[in-house]
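User: I would like to go through this model with you, one topic at a time. Please keep the answers plain.

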Amino acid sequence: KRTILNLQWSTVLGVFLSVCTAFLRKKEKGQAQYAEFNADSAFAYTAAQCAFGPRVPNTEAHRLCGTYIAEKFKSFGATVTDQYADVKAYDGTVLKARNIIASYNPDAKARILVCGHWDSRPWADNDPDSANWHKPDWLPASDVAVMLEMARLIQLHPLEIGIDFICFDAEDYGVPQWSDQTGGASSWCLGSQYWAANPHVYGYQARFGILMDMVGGRGSTFSKEGYSQR
């Protein structure tokens, strides 16, 4: 199996502070105090998820890890909503998906959305070794690890603004490169497609959102996405 990737904590911290400027709560002798993002803590959440094994939908590892994530958010004081859905994969497989939504200040109208996905890809079809193309991909689970660390800090330093962490499921079940079946882009991101059509709160709106996907990839660079720039 793959080695867990080194996480890009400097990038994470920059995103974290830009999202949660309200963390500048406490002042000591006129100096604003930031909540401190703990890289070791976040890495521990990564390791805990990977310890379950590949988080492929419809597997026991997937079920157990989903329970771990939901309970961890609850332990940090979040209001957790489980959004269960049967979604159909490109090959007709029905996936028992579970979007995990952890909210702070659920009644606040001003909200920020922070999201990522928690499922693993069933096939490592981009692996340099073709012998691994039909084996599950061991993704580093950094998306959720970062969100859990942010949740831990929010519990310690409460905010006035509403925060919604959404851990999307069934995002990585898109058509594998070795398959001759079709499905295109719509075969990916099944959990977020479902949530977009069925938000957990009727008429849900957020001031802005940040996607944590691949935030822990070694050597990653994150460009501004086109629609966001406009």
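User: Is Met 214 buried, partly exposed or exposed?
Analyst: Met 214 counts as partly exposed, because its relative accessibility is 49%. Please bear in mind that this is a predicted model.

User: Where is the place of Met 214?
Analyst: Met 214 sits in the loop between strand E7 (208-211) and helix H6 (226-229). Its phi is near 65°, a positive value in a residue other than glycine.

User: What sign of phi do most residues other than glycine have?
Analyst: Most of them have a negative phi.

User: And what about phi of Asn 58?
Analyst: Asn 58 also has a positive phi, near 75°, and is a residue other than glycine. The loop between helix H2 (39-50) and helix H3 (60-75) holds Asn 58. With a relative accessible area of 41%, Asn 58 is partly exposed.

User: Back to Met 214 for a moment. Which residues line the largest cavity?
Analyst: Met 214 is one of the lining residues, together with Arg 55, His 117, Asp 119, Leu 139, Pro 140, Ala 141, Ser 142, Asp 143 and Asp 213.

User: How much space lies in that largest cavity?
Analyst: About 80 Å³. The count of cavities of 30 Å³ or more comes to one.

User: Ser 142 and Asp 143 were in that lining. Which residues of H4 are buried?
Analyst: Ser 142 and Asp 143 are both buried residues of H4, as are Val 144, Ala 145, Val 146, Met 147, Leu 148, Glu 149, Met 150, Ala 151, Leu 153 and Ile 154. Helix H4 is largely enclosed by the rest of the structure, because 12 of its 15 residues are buried.

User: How far does H4 reach from its first C-alpha to its last?
Analyst: Helix H4 (residues 142-156) reaches 21 Å, close to the 21 Å expected at 1.5 Å a residue.

User: Which residues of H5 are buried?
Analyst: In helix H5 (residues 190-197), the buried residues are Leu 190, Gly 191, Ser 192 and Trp 195. Their cover includes strand E3 (79-88), strand E4 (94-104), strand E5 (111-117) and strand E6 (162-168).

User: What is Ala 170 in contact with, leaving aside its neighbours within four places in sequence?
Analyst: Ala 170 touches Leu 190 and Gly 191 of the H5 group, and also Pro 57, Val 87, Leu 95, Ala 97, Asp 119 and Cys 189. Ala 170 lies in the loop between E6 and H5, and its relative accessible area of 0% makes it buried. The C-alpha atoms of Ala 170 and Cys 189 are separated by 6.4 Å, although the two are 19 residues apart along the chain.

User: Changing topic: how many aromatic pairs are there in the whole structure?
Analyst: A search of the whole structure finds nine aromatic pairs. One of them joins Phe 52 and Tyr 68, with ring centres 5.8 Å apart and planes at 50°, so this pair is tilted.

User: Which parts does that pair tie together?
Analyst: Phe 52 lies in the loop between H2 and H3 and Tyr 68 in helix H3, so the pair ties together parts that are 16 residues apart in sequence. Phe 52 is partly exposed at a relative accessible area of 29%, whereas Tyr 68 counts as buried at 19% relative accessibility.

User: Tyr 104 and Phe 165 form a pair too. What is its geometry?
Analyst: The pair of Tyr 104 and Phe 165 is edge-to-face, 6.2 Å centre to centre with 90° between the planes. Tyr 104 belongs to strand E4 and Phe 165 to strand E6, and the pair links distant parts of the chain, 61 residues apart. Tyr 104 is buried with a relative accessible area of 8%, and Phe 165 is buried with 0%.

User: Which residues do ring pairs link into a cluster?
Analyst: The cluster consists of Tyr 90, Trp 123, Tyr 173 and Trp 178.

User: Lastly, the overall picture. How many helices and strands does the protein chain have?
Analyst: There are six helices and seven strands. From the N terminus on, the elements run α-β-β-α-α-β-β-β-α-β-α-β-α.

User: And what share of the residues is buried?
Analyst: Of the 230 residues in the protein chain, 46% are buried. The chain exposes about 12100 Å², and carbon and sulfur atoms supply 52% of it. Among contacts with a separation of 6 or more, 72% are between residues 24 or more positions apart.

Conventions:
Residues are numbered from 1 along each chain as its sequence is written. This is a predicted model: local features need pLDDT of at least 70, side-chain atom pairs count only at pLDDT 80 or more; totals for chains, interfaces and linings use all residues. Side-chain values use heavy atoms; hydrogens and water are left out. Buried means under 20% relative accessible area, exposed over 50%, partly exposed in between (1.4 Å probe, protein chains only). Helices (H or I, at least four residues) and strands (E, at least two) are DSSP runs, numbered from the N terminus. Contact means heavy atoms within 4.5 Å. The expected span of a helix is 1.5 Å times one less than its number of residues. Rings of Phe, Tyr and Trp (its six-membered ring) pair if their centres lie within 6.5 Å; planes under 30 degrees apart count as stacked, over 60 as edge-to-face and the rest as tilted. Accessible areas come from the Shrake-Rupley method with a 1.4 Å probe; for residues, only the protein chains shown count as cover. On a 1 Å grid over the protein atoms alone, a cavity is a set of points where a 1.4 Å probe fits but cannot get out, and a pocket is an open set with protein on both sides within 12 Å along at least five of seven lines; lining residues have an atom within 4 Å of a point. Grid points are joined across faces, edges and corners, and a volume is the space filled by probe spheres set on the points.
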